[in-house]
Each structure stands twice: as C-alpha cells, then as structure tokens.
Amino acid sequence: MQLIYEKSVQGRRAITLDPLDVPDASLPRELCREKAAELPEVAEIDVIRHFTNLSRRNFGVDSHFYPLGSCTMKYNPKIAEAVAALPGFGQLHPQLSSSEAYWPLCQGAFELLYETEKWLAEIAGMKQTCLQPIAGAHGELAGTLLIAAYHRERGHAHKDTILIPDSAHGTNPASAAIAGFKVVEVPSHEDGTMRLDSVKAAMTENIAGLMMTCPNTHGLFEPVVAEIAEYLHQHDALLYYDGANLNAIIGKARPGDLGFDVMHYNLHKTFATPHGMGGPGSGPVGVGERLEKFLPGPRVVKRGETFALEMPEKSIGRLSQFFGNFGMAVRAYAYMRHLGKDGLREVGENAVLNANYIFARLKDAYTPAFDLPFMHECIFTAAPEAKKGVRALDIAKALLDYGYHAPTVYFPLTVKESIMIEPTETESRETLDAFCDAMLEIAKKIETDPDSFHDAPTTTPVGRLDEVRAARQLNCACL
C-alpha cells in the first residue's frame, strides 16, 4: 500500500479555494512558517480512494466477526450513538455542573445519570451505583478502595489482603495492589471452578475480600458462589464481582442476590458503548448496603422534582472529573431503554446460546478445556495440535486468511494452548456457521498439512510477524 505522499504529482489539486475575503488576521511572524507545508498534491478522487482502501484493511465489528473471548467485542446499535450525539447531551458543557447556579441547565443530564444508576443497580441487585469510573479497571480500583474504606472505618487495619482466583483478569491483582492491598492467588479446581475448600485454605484474619468473575474467565458459572459469599461474610471479608462477563447472566441472575457486596460494570462491553482502542470506556461501580456511604462523589440526588449534587459524608472522594465519560452513560441508558426488561433478558440468553452452539459444532474437532456447560464463551485447548507442530497461535493466524479476527489465545493462563471463543449475543446463526466451517476446515488441514500453518496469514496486508524481534526492537519493521 502506497503512502499518500507517494501518489503526489506536482501541480495536481483536489480543490481550489477562492481568494480569502475576510480581514487579514495574521499570526505573529514568529509563529508562521517560512515556507509552505509540503503536503501531497493529489486529486480528490485519489484522496477518497486512498483512505477508503486503507479502511478496508481494518478489522472491526462493523465489518467482521470478532470472536475474542473475555473481551465481548460485539456490535452495538447505532441508535445509542445517535442519542449520545443529541445537542442536549453532546453539546452540554461539563463545567455547568460545577456551580449550583447552573444546575437548572443540567436537569436533563442529571436525570439521565440518576436513572442510569438506578437501572444498573436494579439489574445487578445492588443498593446504589456510581458512574464516575472511566474504565473497567478503574471500576475495580474504585471497588477495592471501597473495601479498604469499609475495613478502615471498622478499625481493621490488619485486613490488608485480597484473594484472587488464578483464572482472573490481569487487572484484578493490579487494581487491588494499586489500592494498597497484598494479593494472594487462589487455585481453581481441575474442573475450572472455584471450590469453597480453596477459599477456606487461603483464609486468614488479614483477608479483606475476594475478587471473583461469575461466570469466571473459564466461561463457567461458579456453582458455590453463594456459599463462598456466606463464608467470607462470617469472617468480615467482602466479595467483589468483576462485571466483565455480566452479559452472560443479565436478566437471569443478579450479583447482589448471589452475595456480592461490590462490583463494577463494563458499559463498554455489555451496555452498547465502544470497546477497544484505548476507550472511551466506562466502569461504574455498584455497592450493597455495607458500602453505600463510601461511594465516590458528588452524587446526583433527587430533591422533589429537581436534581442536585451531593457528596456522601464518608465518600472515598472524586475518582474522575465531572461524571466520568458522560457520553458512555447516555449510550448505556439508550440501550437499556431500547431493550427493556425482556430485551435485556434475551441478551443473556443469546450470549449463552451462541457460545454453546459454537462449542457443540467444534467439540469433536478440538479438545474442550473443561467438561462443564459453558456460558458466554467456550474454551478449547490446542495442546494435542501443538504435538503435531500447530500451536494455538498458528490456528489464530490461519483464521485471518478466512476473513475472521482470531479468537483469544493463551488466555486464561490456566489453560495450556488456550483458544477462547466468545461470539456475543449479536451474531447470527449464519455467521456462526461460517466461522465454525472455517475452524473445521482448519482442523482437517492440521491432519494433512501442518507445516503450512507456519506461514499464515498469507492473504492479509501484513504477513506473519517476528514477534520476538518486535518485542525486543520496538522501532523496527519486523516483517
């Protein structure tokens, strides 16, 4: 693919502007160029074709199936984008909320924030939620800071340790450590779930809480989560819910009802906001009654028929400017109102159905990582294929030649040669069948021509990279 500068032809123009007919407002001489910028000289059609062709080389949920496990890369309805762009939301200056004198101008935005927090709390069985955290990991930090505030108020400074499953997302131990906790890993049972005995074995008087994902990162629902919650509460420890996989149980089970005390939601994974490319994200935090008074502030409260801001008396303070990424809250609110109670329940049903449909089609060709019903994602191990010279990475690269983004590989770390597939609730049966057909064709090719996988992908703009060299020499073109 040529750079647009390489298409430049001297004297060629896309458009010629009329002479400037407004008063000259020249910049200071020291800020002006000494000579004209050396921009490419191309026709308008050259510009359009250049950038259109570049866009076709990208993978995205609007153009391709994106089966990344644990990441929920799903298509999000454009109605949510349209609502977020409405002038009353998109053009409302955030500084208006800084002064009580301007609060009458913010009533619509305040009401949306208030209602969004109520809906999220109801969906998850929490007492209250707060929209300030601006990413999932930021929500984790908020949750662990709330756990710390709870124990600090009770005079339990010795509770300085958080338990985390060995299958957890990597941000869990990082967030706990940033909040000042020590981290102790709890091993999973061989069936991929957490056992109460393992929690008991790790329990000491220093344990402040346990962070769990349910369904967990193995794609499995934790069968004894209620018993774990009860045991932790007996030892004055709290249970944290990583909401990354909430789309698997939404409308079917509520974390608060399962015994969780605090959680974060991934609006950018479950509730119709962008995911990937560094944001913008949103990771609201929800709490049960034990932690309500510690929530970040200021909070939107309702006073009669109007809305105002208040700082909770024992708040852990402000975690982000204004109300986090406000546009993400607008998108989530539009999504929830659009689907309603029944529609949100269908999200969970279809997420689980799609994952198990893929599992049913592939389980005879690839080795399942676990022998339990999967939820929103299914995991296979390519360990048998690796013995034939084809690793999980090779299978992932081969899928690119079939026009599909690769699923997640080598995560979770608890599964050797892991291939984690999450179709999400938005994909059709036709898409899933085409993807499974490609995976089955790859499985057959592994038996007949395993060496060919080491060159994949061969049809993409960039071929197989030298990943070791790329990691060690970050500025090189490692083709």
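Here a trainee and a mentor talk through how some features of this predicted model are named.

Trainee: What should I keep in mind about the model and its numbering?

Mentor: Residues are numbered from 1 along each chain as its sequence is written. The model is predicted, so local features need pLDDT of at least 70 and side-chain atom pairs pLDDT 80 or more, while totals for chains, interfaces and linings use all residues.

Trainee: How many helices and strands does the protein have, and what makes a run count as one?

Mentor: There are 15 helices and 13 strands. Helices are DSSP runs of H or I with at least four residues, strands are runs of E with at least two, and both are numbered from the N terminus.

Trainee: Why is strand β4 called mostly covered?

Mentor: Strand β4 spans residues 207-213, and 7 of its 7 residues are buried. Buried means under 20% relative accessible area, exposed over 50%, and partly exposed in between, with a 1.4 Å probe and protein chains only. In the whole protein, buried residues make up 47% of the 479 residues.

Trainee: How do you know that β4 pairs with strand β2 and with strand β5?

Mentor: Two strands pair if DSSP finds at least two bridges between them. Strand β2 (residues 161-165) is joined to β4 by 3 bridges, and β4 has 5 bridges with β5 (residues 238-243), so both meet the cut-off of at least two. β2 and β4 run parallel, and β4 and β5 also pair in the parallel sense. As an example, M212 has Y241 in β5 as its bridge partner.

Trainee: What is the hand of the crossover from β4 to β5?

Mentor: The β-α-β crossover, which passes through helix α8 (residues 225-234), is right-handed. That name applies if, with the strands pointing away from the viewer, the path from the first strand over the helix to the second runs clockwise.

Trainee: What makes A272 and T424 worth a look?

Mentor: Most residues other than glycine have a negative phi. A272, which is not a glycine, has a positive phi of about 65°, and phi of T424 is near 65°. A272 lies in the loop between α10 (267-270) and β7, and T424 in the loop between β13 (418-421) and α14.

Trainee: Are these two buried or exposed?

Mentor: A272 has a relative accessible area of 2%, so it is buried. T424, at 0%, therefore counts as buried as well.

Trainee: Which residues does the cis bond with omega of about 5° join?

Mentor: That cis peptide bond joins G297 and P298, and P298 sits in the loop between β7 (285-287) and β8 (299-303).

Conventions: Side-chain values use heavy atoms; hydrogens and water are left out.
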